[in-house]
Amino acid sequence: MLLFNLYKNWLSFLRACQIFFVVLRYVFREAFYRSRWGKKRLQKRPQIQIDYKSTPQRVRLAIEELGPTFVKFGQILADRPDIVSESLRIELKRLQTKANPIDDNTAIRLIEDELGRPLMEIFSEFDMNCLASASIGQVYQAKLKDGEDVIVKIQRPRIQEKISIDLRLMRILAKKFVLYYPEMAAINIVGFVNEFAKRITNELDYKNEENNIRRFTIMFQENPLIYVPKTYPEYTTRKLLIMEKITGISPDNIFELHHQNYDTKQVAETGANALLKMIMEYGFFHADPHAGNIFIMPNNVIAFIDYGMVGVLRPREMTFLADFCLGFVRKDSRSIAKSLITLCNAKFFDEKEELEFDIDEIIKANSYRDVEEIDLADIMQQCINVIVKYRLSIPSGIFMLVKALASIQQFALALDPQISLLPIITPYARNLVMQKYHPKKIASQLYDTLASYIDLVTTFPNSINEILYKLKQGKIHHEILVQETDGLNRTLRQLTYRFASVLLIVGLFVGSSILVVFSDKHDYGRAGLIISTIIISLLLIRMMFVKRK
């Protein structure tokens, strides 16, 4: 176990060195081009100006060079206006998950290792050239013995170990960041890193993606216009996923869709309704429904692929979306502000009136538009920007929700420029609100509340007796917990160091004085007395002349 920990620490050290030198190289370039000499060089050599990169561009290039963990991290940061600036978010959205493919022979060997048998025992045909390559996995196409065309996704070798090391370093850096910058605790960078670690760890286990596909299959089993690909759980492992190959037309290929007489308006409405059903009825949705993950099949059927990234909404977040949409339809800024405050779990919010005013300004800025013309995803993003201004904590699922809404809206608008999500989502919102205030649900809540009060009344005397007994026995203890994110920890450490330093200096002064007075050989005592006197004098001068902040 000790050797394993030493080996893991050694790998972490090597990876930390690699990250350090990549970052150092880009930081040096940034510092150079910001310096006087760098600016002169840019002026003298126009060719350099063509290749010159802005700060956000350098950040993106550094992230791409650092590998898949940081690329995924950057993609998530691109949807977090509460953490990074708008210019950096725009650049981070350009991060590519494409990667150089691993050797096909290596990939084939990995597939056979996961299957535990040669390829030809499972497949009648297998294309030895990879179909696509991403940062985490590589994709091949094949045909099973029964003639079914399938997609085979294999994980890159040792990718889990590499990402695990990166996550370990990220956690260390996040804790150090909070320790040295306690004023930035509102961002909750440690929580963000932990959330990212959980998300990417789920993506590394292909069994999770297979479970997601089966869950979506159940959700749309009665909808003939939505097709979810089949999976083969008997062949699926943590590193290998085999699923049905989907053939269809990309929604970006509008010409081909019209050429083959597809009803693009119906396709747009079907796609929008599918995502809204996931969100408003199940609280479980495809988090990346862009055109590359959607195929249009015959009879205007839509098929989603790539179920590795999904979003999960709590009931509170689903209720927020319903209240938000209905509030915007009614142009009720108070209702929208209330839903945002409830979403952020801010029970006592002093700036409610200012928030309502900002929301009202957003409503007025869009009041000239008809309901069908309103960009719901953009409106939600504007409201989130307002919330960020008030430094309220927004659940991470909302950022994924806004991204999903923006993606499906872009997909729908490409097929039908007249479509709008707000009229489509309103019936779902009303239905969700009606469920919230359904008599059975209210009765259930009242019953639970009444049961809680009855339990409180019946247990109250015993609780009081227990408290009094422990008080008499002297067993009442009060425990104070101080969070690491508070600046109090740092202050306490500084006070401890200063107190210890004072004790050492005073001890040196007193001990030296005793040696000088009572010892014949007082050379060491005299030296200690002189040194301690100088230090004490300097500290007194500092206390007298340094201004207090």
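Lys230 counts as partly exposed, at 42% relative accessibility. In this predicted model, its side chain forms a salt bridge with Glu148, and the closest N and O atoms are 3.8 Å apart. Lys230 sits in the loop between β5 (226–227) and β6, while Glu148 belongs to the loop between β3 and β4, so the pair ties together parts that are 82 residues apart in sequence. Glu148 is likewise partly exposed, because its relative accessibility is 21% and the buried class ends under 20%.

**Salt bridges**

The structure holds 14 salt bridges. Three of them are set out here, with the N to O distance and the relative accessibility of each partner.

| Pair | N to O distance | Accessibility of the basic partner | Accessibility of the acidic partner |
|---|---|---|---|
| Lys230 and Glu148 | 3.8 Å | Lys230, 42% | Glu148, 21% |
| Lys143 and Asp149 | 4.0 Å | Lys143, 24% | Asp149, 37% |
| Arg60 and Glu64 | 3.5 Å | Arg60, 11% | Glu64, 29% |

What separates Arg60 and Glu64 along their helix? The two are four residues apart in α4 (residues 55–66), which means a separation of about one helical turn. Arg60 counts as buried at 11% relative accessibility, whereas Glu64 is partly exposed at 29%. Salt bridges with shared partners also bring in Glu91, joining Arg60, Glu64 and Glu91 into one network.

**The strands around β4**

Let us turn to the sheet. Strand β3 (residues 137–144) pairs with β4 in the antiparallel sense, over seven bridges. Within this pairing, Gln138 stands opposite Ile154 in β4. Four residues lie between the two strands of the hairpin, and there Gly147 takes a positive phi near 90°.

Strand β6 (residues 240–244) is another partner of β4, again antiparallel, with five bridges. Here Ile151 has Met243 of β6 as its bridge partner.

Is β4 largely enclosed or largely open? Six of the seven residues in this strand (residues 149–155) are buried, so β4 is largely enclosed by the rest of the structure. Asp149, with 37% relative accessibility, counts as partly exposed.

**Backbone angles worth a look**

Most residues other than glycine have a negative phi. Arg158 has a positive phi, near 60°. This arginine is in the loop between β4 and α8 (159–180), and counts as partly exposed at 48% relative accessibility.

Asn299 also has a positive phi, near 65°, without being a glycine. Its place is the loop between β8 (294–297) and β9 (301–304). With 67% relative accessibility, Asn299 counts as exposed.

**Surface patches**

Which residues make the nonpolar surface patch of about 320 Å²? They are Trp10, Phe13 and Leu14. Trp10 is part of helix α1 (residues 2–34), and its relative accessibility of 48% makes it partly exposed.

A patch of the charged kind is found elsewhere in the sequence. Asp350, Glu351, Glu353 and Glu354 gather on the surface in a patch of negative charge. Asp350 lies in the loop that runs between α14 (333–343) and α15 (352–365). Asp350 counts as exposed because its relative accessibility is 76%, and the exposed class begins over 50%.

Technical notes
Residues are numbered from 1 along each chain as its sequence is written. This is a predicted model: local features need pLDDT of at least 70, side-chain atom pairs count only at pLDDT 80 or more; totals for chains, interfaces and linings use all residues. Side-chain values use heavy atoms; hydrogens and water are left out. Patches are made of residues with over 30% relative accessible area and no salt bridge: like charges are joined within 9 Å, nonpolar side chains (Val, Leu, Ile, Met, Phe, Trp, Tyr) within 5 Å. Accessible areas come from the Shrake-Rupley method with a 1.4 Å probe; for residues, only the protein chains shown count as cover. Lys and Arg count as positive and Asp and Glu as negative; His and the chain ends are not counted. The place of a charge is taken as NZ of Lys, CZ of Arg, CG of Asp or CD of Glu. Buried means under 20% relative accessible area, exposed over 50%, partly exposed in between (1.4 Å probe, protein chains only). Two strands pair if DSSP finds at least two bridges between them.
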